[in-house]
Amino acid sequence: MVKLRLKRCGRKQRAVYRIVAIDVRSRREGRDLSKVGFYDPITNQTFLNLPAILDFLKKGAQPTRTVHDISKKAGIFTE
């Protein structure tokens, strides 16, 4: 099963997260299938690759709660 979830990047006390499609059994920093966006919680910046996210959702990928909230704010689920 594939999930859309956050992958931590950045340095200490300055985390930046990539939004990735990853196998459920992989660890948080494990090998991802595809990078579909990023999220910076400090500056509240978000970049989402909408066609890639919609493609993974059509194939049955499940977003985590946090990724779902970020995507909802961006307006993905209104389409």
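Modeller: Buried means under 20% relative accessible area, and exposed means over 50%, with partly exposed in between. Keep in mind that this is a predicted model.

Colleague: Is D32 buried or exposed?
Modeller: The relative accessible area of D32 is 15%. The cut-off for burial is under 20%. D32 therefore counts as buried.

Colleague: Which residue forms a salt bridge with D32?
Modeller: Side chains of opposite charge can pair when their charged atoms come close. For D32, the closest N and O atoms of the pair are 2.9 Å apart. D32 sits in the loop between β2 and β3, and its partner is in strand β1, 25 residues apart. The partner has a relative accessible area of 12%, so it too is buried. The residue is K7.

Colleague: How many salt bridges does the structure hold?
Modeller: One of them joins D32 and K7. R14 and D40 form another, and K59 and D55 meet in one as well. The total is 4.

Colleague: How many residues apart in sequence are the parts that the R14 and D40 pair ties together?
Modeller: The N to O distance in this pair is 3.3 Å. R14 lies in strand β2 and D40 in strand β3, so the bridge ties together separate parts of the chain. The separation in sequence is 26 residues.

Colleague: Which of R14 and D40 is buried?
Modeller: R14 has a relative accessible area of 27%, so it is partly exposed. The other residue has 6%, which is under the 20% cut-off. The buried one is D40.

Colleague: Over the face of which residue does K59 lie?
Modeller: K59 is exposed, at 64% relative accessibility. Its salt bridge goes to D55, at 3.3 Å, N to O, and D55 is partly exposed at 35%. K59 also lies over a ring face, at 6.0 Å from the ring centre. That ring belongs to F56.

Colleague: Which element supplies the largest share of the largest nonpolar core?
Modeller: Nonpolar side chains tend to be buried together in soluble globular proteins. This core has 14 residues, and L4, I19, V36, I53 and F56 touch the most other members. At least two residues each come from β1, β2, β3, α1 and α2. The largest share is 3 residues, from α1.

Colleague: Which residues of α2 does I19 contact?
Modeller: Neighbours within four places in sequence are left aside here. I19 then touches R5, L6, S34, K35, V36, G37, F38 and L48, among others. Helix α2 spans residues 65–74. Its contacts with I19 are V67 and I70.

Colleague: Why do the buried residues of α2 line one face?
Modeller: An α-helix has 3.6 residues a turn, so residues three or four places apart point the same way. The buried residues of α2 are V67, I70 and S71. Seen down the axis, they line one face because they fall within an arc of 95 degrees.

Colleague: Which exposed residues sit on the face of α2 turned away from its buried side?
Modeller: The cover over the buried residues includes β1, β2, β3, β4 and β5. The face turned away carries exposed residues. They are R65, K72 and K73.

Colleague: Which residue follows α2?
Modeller: Its phi is positive, near 90 degrees. It is G75.

Colleague: What is the relative accessibility of V20?
Modeller: V20 lies in strand β2. Beyond its sequence neighbours within four places, it contacts K3, L4, R5, K7, D32, S34, K35 and V36. V20 counts as buried, because its relative accessibility is 0%.

Colleague: How far apart in space are A61 and A21, C-alpha to C-alpha?
Modeller: A61 lies in the loop between α1 and β5. A61 is buried, at 6% relative accessible area, and contacts V2, L4 and F56 once neighbours within four places are left aside. A61 and A21 are 40 residues apart in sequence. In space the distance is 7.9 Å.

Colleague: Where is Q13, which has a positive phi although it is not a glycine?
Modeller: Most residues other than glycine have a negative phi. Q13 has a positive phi of about 60 degrees. Q13 counts as exposed, at 77% relative accessibility. Its place is the loop between β1 and β2.

Colleague: And in which loop is N44 found?
Modeller: N44 also has a positive phi of about 60 degrees, and is not a glycine. At 55% relative accessibility, N44 is exposed. Its loop runs between β3 and β4.

Terms used: Residues numbered from 1 in each chain as written. Predicted model: local features only at pLDDT ≥ 70, side-chain atom pairs only at ≥ 80, totals over all residues. Heavy atoms only, no water. Buried < 20%, exposed > 50% of the residue type's maximum accessible area, 1.4 Å probe, protein only. Helix = DSSP H or I, 4+ residues; strand = E, 2+ residues; numbered from the N terminus. Arc of directions from axis to C-beta. Contact = heavy atoms within 4.5 Å. Salt bridge = Lys/Arg side-chain N within 4 Å of Asp/Glu carboxyl O. Lys NZ or Arg CZ within 6 Å of the ring centre and 35° of its normal. Core = buried A, V, L, I, M, F, W, Y, C linked by side-chain atoms within 4.5 Å.
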